[in-house]
Amino acid sequence: MATNSPNLECRMYEAKYPEVDQAVMIQVKSMADSGAYVSLLEYNNIEGMILFSELSRRRIRSISSLIKVGRIEPVMVLRVDHERGYIDLSKRRVSEEDIQGCEERYNKSKLIHSIMRHVAETMNIDLEDLYVHVGWPLYKKYGHAIEAFKLIVNDPDPILNSLTREIKETGPDGQEVTKVVPALSEEVKDVLVKNIRRRMTPQPLKIRADIEMKCFQFDGVIHIKEAMRKAEAAGNQDCPVKIKLVAPPVYVLNAQTLDKDEEDAR
């Protein structure tokens with residue numbers, strides 16, 4: 001007996017097609033005589049094409065060194081034919097700044113997409129419906145949905161309760177009326193929050209370093225102990241630092257933090 005399974009395929013953003021001069025993430029699918037056919041990963045794998053003339057600003061000696069089937073990378077949008085669905089792309093016109101911005105956006109969007117798709121699959125609902133009423137409104141309000149998801153980790157109600165949808169019902173008089181209801185049922189909301197917290201709660205970063213400390217002065221042991229105390233004092237509640245003796249002159253330093261940048265600075 002056939003069952004109606006939910007549609008779990010959907011683009012990441014509300015716009016069906018990217019804008020001209022926008023950097024997008026693609027995966028190369030096949031090679032043709034004049035160029036390469038690619039899938040736009042952020043736009044539900046719709047097809048685009050990179051002509052060989054748009055691969056490099058320099059003289060091309062080897063096509064295979066510039067583009068390979070399966071490779072994922074940012075490219076620039078040159079033209080979009082909304083009627084036919086044709087998208088022309090360029091690799092040679094994308095700058096290092098464009099590449100960095102595209103990769104950062106794609107990695108964030110990929111995390112959002114993974115969470116949304118898992119919720120849709122778990123709750124047996126269409127992924128696009130979840131995006132229409134939750135994902136895309138959060139993109140619009142916060143610039144990127146990941147900023148809203150970060151806030152949801154600690155306090156989901158102010159964000160999720162503000163989302164609504166319209167439904168049509170038949171009133172007692174037989175007339176159709178429009179009602180505004182919460183965008184999410186309590187069941188879907190609960191699953192969404194659990195998934196966001198599981199995927200986005202920072203995990204402690206643990207750092208270990210084996211070090212050697214020697215001091216050849218008469219009271220060298222005292223100086224070593226003082227150095228250890230100063231090192232541990234450099235830590236704090238959010239980033240504690242501990243040093244233990246393994247066997248003279250080898251010591252082990254351990255640190256733990258939720259802030260990777262802070263640990264790198266130390």
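# A walk from Tyr43 to the helices

Start by selecting Tyr43: at 4% relative accessibility, this residue counts as buried, since the cut-off is under 20%. Keep in mind as you click around that you're looking at a predicted model.

**Stop 1: the tyrosines**

Leave Tyr43 on screen and add Tyr13, which is also buried, with a relative accessible area of 11%. How are the two rings arranged, stacked or edge-to-face? Their centres are 5.6 Å apart and the planes sit at 65°, so this pair is edge-to-face. Now colour by position along the chain: Tyr13 is in the segment before strand 1, while Tyr43 is in the loop between strand 2 and strand 3 (46-51), and 30 residues separate them.

Next, bring in Tyr139. Its ring and that of Tyr13 have centres 5.6 Å apart and planes at 85°, so here too you have an edge-to-face pair. This one links distant parts of the chain: Tyr139 belongs to helix 2 (residues 127-142), 126 residues away from Tyr13 in the segment before strand 1. Tyr139 is buried, as is Tyr13. Show Tyr13, Tyr43 and Tyr139 together and you'll see the cluster that the ring pairs make of them. If you want to keep hunting, the whole structure holds three aromatic pairs.

**Stop 2: strand 1 and its neighbours**

Select residues 23-31, which are strand 1, along with residues 72-81, which are strand 4. The two run antiparallel and are joined by five bridges. For one spot to zoom in on, try Val24, whose bridge partner in strand 4 is Val75.

Now add strand 2, residues 35-40. Strand 2 runs antiparallel to strand 1, and five bridges join them. Which residue in strand 2 is the bridge partner of Ser30? Click on Tyr37 and you've found it. Follow the chain from strand 1 into strand 2 and you trace a hairpin, with three residues between the strands.

**Stop 3: two crossing helices**

Finish with helix 3 (residues 145-154) and helix 5 (residues 186-200). They pack at an angle of about 100°, and their axes are 9 Å apart. That angle makes helix 3 roughly perpendicular to helix 5.

To see what touches what, show side chains. On the helix 3 side, pick Ile146, Phe149, Lys150, Ile152, Val153 and Asn154; across from them in helix 5 are Leu192, Val193, Ile196, Arg197 and Met200. Colour this contact by residue type and you get eight nonpolar, one polar and two charged residues.

Key. Residues are numbered from 1 along each chain as its sequence is written. This is a predicted model: local features need pLDDT of at least 70, side-chain atom pairs count only at pLDDT 80 or more; totals for chains, interfaces and linings use all residues. Side-chain values use heavy atoms; hydrogens and water are left out. Axes are lines fitted to C-alpha atoms, for helices over the stretch in contact, and angles run from 0 to 180 degrees between N-to-C directions. Helices (H or I, at least four residues) and strands (E, at least two) are DSSP runs, numbered from the N terminus. Angles under 35 degrees count as roughly parallel, over 145 as roughly antiparallel, 65 to 115 as roughly perpendicular and the rest as oblique. Contact means heavy atoms within 4.5 Å. Ala, Val, Leu, Ile, Met, Phe, Trp, Tyr, Cys and Pro count as nonpolar, Asp, Glu, Lys and Arg as charged, and the others, Gly among them, as polar. Two strands pair if DSSP finds at least two bridges between them. Rings of Phe, Tyr and Trp (its six-membered ring) pair if their centres lie within 6.5 Å; planes under 30 degrees apart count as stacked, over 60 as edge-to-face and the rest as tilted. Buried means under 20% relative accessible area, exposed over 50%, partly exposed in between (1.4 Å probe, protein chains only).
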